[in-house]
Amino acid sequence: MPISLTHIALHVKDLDACIDFYQTYAGLGIVHQRESHGKRIVWLAEPGKESDFILVILPGGPGRNQPDNDFSHRGVALESPAAG
């Protein structure tokens, strides 16, 4: 198997809101979820691309105020600018 990026795992402040965002705006679906240490962990992926790349989201992110000069982000392609 060639070397490739398979997943990224992120802690999020609001798990359900994050799932809703990625389902609504990125078309991702839940491909797996489990409970670990009393917390729900969710795997999301594009339909048909589940073996290519997974977004793993975990509850318990601290939240943060992003400074104006911090351009950290994840890009999501939409059908049109109006779709956002």
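Residues are classed as buried at under 20% relative accessible area, as exposed at over 50% and as partly exposed in between, with a 1.4 Å probe and protein chains only. The structure is a predicted model, in which local features need pLDDT of at least 70 and side-chain atom pairs count only at pLDDT 80 or more, whereas totals for chains, interfaces and linings use all residues. Residues are numbered from 1 along each chain as its sequence is written, and side-chain values use heavy atoms, with hydrogens and water left out.

Aromatic pairs were assigned to rings of Phe, Tyr and Trp (its six-membered ring) with centres within 6.5 Å; planes under 30 degrees apart count as stacked, over 60 as edge-to-face and the rest as tilted. Two aromatic pairs satisfy this rule. In the pair of Phe21 and Tyr22, the ring centres lie 5.0 Å apart and the planes stand at 85°, an edge-to-face arrangement. Phe21 also pairs with Tyr25; here the centres are 5.4 Å apart and the planes meet at 40°, so this pair is tilted. Phe21, Tyr22 and Tyr25 thus belong to one aromatic cluster. Within the cluster, Tyr22 is buried, at a relative accessible area of 7%, while Phe21 is partly exposed at 38% and Tyr25 is partly exposed at 35%. Helices (H or I, at least four residues) and strands (E, at least two) are DSSP runs numbered from the N terminus. Helix α1 (residues 15–26) holds both Phe21 and Tyr25, which are four residues apart, about one turn of the helix.

A nonpolar core is defined as a set of buried Ala, Val, Leu, Ile, Met, Phe, Trp, Tyr and Cys residues joined through side-chain atoms within 4.5 Å. The largest such core comprises 11 residues, among them Leu10, Cys18, Tyr22, Val42 and Ile57. At least two residues of this core come from each of β1 (7–12), α1, β3 (39–45) and β4 (54–59). Helix α1 provides the largest share, four residues. A second, separate core has six residues, including Ile41, Ala45, Ile54 and Val56.

Contacts (heavy atoms within 4.5 Å) were examined for two members of the largest core. Apart from residues up to four places away in sequence, Ile57 touches Leu10, Val12, Leu15, Cys18, Ile19, Arg40, Ile41, Val42 and Leu44. Leu10 lies in strand β1 and is buried, with a relative accessible area of 19%. Beyond its neighbours within four places in sequence, Leu10 contacts Leu55, Val56, Ile57, Leu58 and Arg74. The C-alpha atoms of Leu10 and Gly60 are separated by 9.6 Å, although these residues are 50 residues apart along the chain.
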